[in-house]
Each structure stands twice: as C-alpha cells, then as structure tokens.
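New to this one? Here's a quick briefing to read alongside the structure.

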Amino acid sequence: MACLFRRAHVVTCAGPPDDPLGVIADGALLTDGDRVAWVGPGADAHAAAGALGLVVDDQVDLGGRLLTPGLVDCHTHAVFAGDRAHEFALRAAGASYQAIAAAGGGIVATTGPTRAASIAQLTALTLARLERARGFGTTTIEVKTGYDLTVAGELRLLDVIAAAAAATPIAVVPTLLCHLVPAERRADRDAYVRALCEALVPQARGRATSVDVYCDDGAFTLAETRAILVAARAAGLAVRAHVGQFADLGGAELVAELGGLSIDHVEQIGPAGIAAAAAAGTVAVMLPGACVQLRLPVPPVAALRAAGVPMAIATDLNPGSSLTENLPLQMWLATTHYAMTVAEAWLGVTRHAARALGLADRGVLAPGARADLCAWDAAHPAEVPYHYGAQRPSLVAIAGQRVELAPVA
Ligand code: NIG
Ligand code: FE
C-alpha cells in the first residue's frame, strides 16, 4: 500500500551539517507500507512512484503544511501511580527538590503507590500517558522503570511496559532504570547494588533494550554506577545514565568509556565530560522542563555544541520534576531557555533522539526510514516551538498508518 503526501513543506531532518533540517519546499513523500519510499520535490513524485513500481492508492494533500518525522521522546518515566502535586506546591513556595527528598518525598514517595497498584492499573495509567504523548506528535517513546526499586518489582514494571507497548500504536522502547537505593536497603548499599548487578540486570535481557542509572548526589555513586553499567554491558544491554542534574560525579566520562548511548540532564558537566562524550559520539539529552521546574542552572549548551556533541531533547515525563507529555513544549524551552537554535530543537526531538535510543531507522524522513510522520498547521519550522503549549500535529502516521489523535486535554 503506497501513500503520497503532497504539497508539503518537508522537514526531513536528514540534511548535511550546514543544512541539517534538509527542508524541501513544495515537496512530497511516498510511503510503501511501513517505510518511507521516497522524498523529494513535489513535481517529481509521480515519476518517482513509477520508477519504484509503486501504485499510489492513497493521497494526502497537505496544502503547504510542514511535514516532519514523528517525534521521538527518548527519556520518560511514564510508569508510576499516584501524584506529587503537594511537592510541586512546596517547591512553588520555595522548598528545594533535594530538601523535599531528604524529608521523605521525592522518588521514594512514588514507590508506595506504584508498588500498591496492579499490573492492569499501571498499564492503564501508562497507556493514558502514551495517548497524550501521541496527541503532541510522539511516535516513538522510551519508557523507564524505576519506581519500585525491588528486583521483582522492577521486573514487574518491565511487564507493564510490555503490556502498554502491545496496546498502543506508538513504538515503545523499554529501559531498566536503577533509580535509587531504597530506604530499607541503605544499611547495606553494596548488597543492593550486587542484587541489581547479579539478579535484576541479567533478567532484564530481552525485556529492556538498555539500562539507565541515576548517577548523582543522593542517588548512585560513580563506583556503583560503573558496577551496574558493566553488568548491563555483560548482559548485552545498551547503557545510558542520568548524570550531572545536581553534581558532576564523572558519569559522562564513564558512559563514554563504556560506549553508552546517552548522558541525560547534564546541567553539571565539565570540559572532560564534554570531550569524552564528543569522542565517543554519546548523545547529551536535554531535559529543560525538569531544569526549569527545579530552577537549576542551564547546561553548557555552547560548549556541547562547539565540541560537536549531538543534543537530544526529551520530556523527562515523571511525577516529581516534569509532569508533561508535551514534547513541542520542550522545544520551546530548549530554544528560549537553553538558547538552542530552532534547527537544534527539531533535531533534538527527531534524529538525535532516535540516536539516543540506538535507533537508526527513524527521526528522519529518508528512504528506508519507518514511515512515522507528523503534519503541522505551520509553514516554517520555527512556528512549532513559537506557539508554545498549543502546538499539536494535525495528522500523525505511525509505521505508515494514519492514527486518530487524542482529544485536546
Ligand atoms: O529524571 N532525576 C531523577 N529522576 C527523575 C525525577 C524522578 C522523580 O522525582 O520522581 C528525573 O528528573
Ligand atoms: Fe529522568
């Protein structure tokens, strides 16, 4: 089944370094089943279909609208129960995230309701979040565990992610997150880390594609992170880490040394970490919603750019620091608060986000890529972050299938 999307302003996100968005004005795109078959000037579309032997049985006239890759949200904590609105209110009144965590709030406050919820309840909560994400143009989403903190419970959260993935058209990328040492295991941290390395991580093989560790003040130390990520590598899983949200513990250098996919947050990262990430090709994932909400300093974007570190942008969807499924809103924060360019913002939620997940077949509109597409009521790439909070795609296709959009929430 071939479909022609015509009269489009195609933002391929597949251009060369001096024109990375690779915009084709008055362009067209052909899909063949779940793949992009051809992208080019509209005037050439029918000849291209003929040359490829495609019978076009469906056409969409986009009337000059932007056509972009489907968005990739490469960092979410979408599986949790309960809420922490009271913490939001405390922070609004001046309390810090770390002070709230030290007083028994924070991540551990979400483990109680998450452990108490059934698989069916957690799956329904997760699916509702994925539906909202789809309404904002997300077609691939990474989902982490991390709110149970026991071996059996974290494996149960991987089951929830699998159940949600089976029930949504969005492509779901499951990650095992080692988030924190729970209070009841703090007397013997080493034993807990051993359990993660020897029991949890090996059992995540085949159920998660990567292992993430929160390497920061109040979470895992650099030595603990190394042990967990080495175990992940031994289990054949990709590695990534939350690094430098509050303190630079050297996590960026560690992830680069291990050939990891991404370093996420990076408000605190020094020249050595930046150089290591650049040399290893590790993606820096920007989470500006969490940064703004916790009133943290901005990551060193200019230094990351100058070093050639690819930058992705994600929602960090979680009940504590960033309760949102809205990826275009993160593009606005990235362009206004992080001083990233509009082109960087688009690459951040498409090509570079896909790279942070180790996925080579999406995040770009090019022959052979998955046919994940968004059309926007916009004529210029800047218009999507510009109309912040309100921009939603007018059409979404996932693996070549057009999907109904969730109602505006
Ligand atoms: O990415 N930094 C660690 N984890 C989350 C916050 C989780 C929470 O507060 O529940 C983050 O910001
Ligand atoms: Fe996170």
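**The ligand and its shell**

Sorted by class, the residues in the shell around ligand 1 come out as four nonpolar, nine polar and two charged. Keep in mind that this is a predicted model. Below, we look at the ligand site and then at one histidine, His9.

**Who sits around ligand 1**

- In total, 15 residues surround ligand 1.
- The closest of them are Arg84, Tyr97, Tyr147, Gln245 and Asp316.
- As for where the ligand sits, the space that ligand 1 takes up is the largest cavity.

**Polar side chains facing the ligand's oxygens**

- Ser321 has a polar side-chain atom 2.8 Å from an oxygen atom of ligand 1.
- For His242, a polar side-chain atom is 3.2 Å from an oxygen atom of ligand 1.
- His77 also brings in a polar side-chain atom, which lies 3.3 Å from an oxygen atom of ligand 1.
- How much of ligand 1 does the protein bury? Ligand 1 exposes 330 Å² when taken alone, and the protein buries 100% of that.

**A look at His9**

- You'll find His9 in strand 1, which covers residues 2–11.
- Its side chain reaches the backbone oxygen of Ala379 at 3.5 Å.
- Leaving aside residues up to four places away in sequence, His9 touches Val23, Ile24, Ala25 and Asp26, along with Gly64, Arg65, Leu66 and Leu67.
- Ala379 is also on that list of residues touched by His9.

Terms used
Residues numbered from 1 in each chain as written. Chains lettered and ligands numbered in written order. Predicted model: local features only at pLDDT ≥ 70, side-chain atom pairs only at ≥ 80, totals over all residues. Heavy atoms only, no water. Helix = DSSP H or I, 4+ residues; strand = E, 2+ residues; numbered from the N terminus. Polar contact = N/O pair within 3.5 Å; in protein donor to acceptor, adjacent residues only side chain to side chain. Contact = heavy atoms within 4.5 Å. Near = heavy atom within 4 Å. Areas by Shrake-Rupley, 256 points an atom, 1.4 Å probe, with all protein chains shown as cover. 1 Å grid on protein atoms, 1.4 Å probe; cavity = no way out; pocket = protein on both sides within 12 Å on 5 of 7 lines; lining within 4 Å. Sits in = over half its atoms within 2 Å of the grid points. Nonpolar A, V, L, I, M, F, W, Y, C, P; charged D, E, K, R; others polar.
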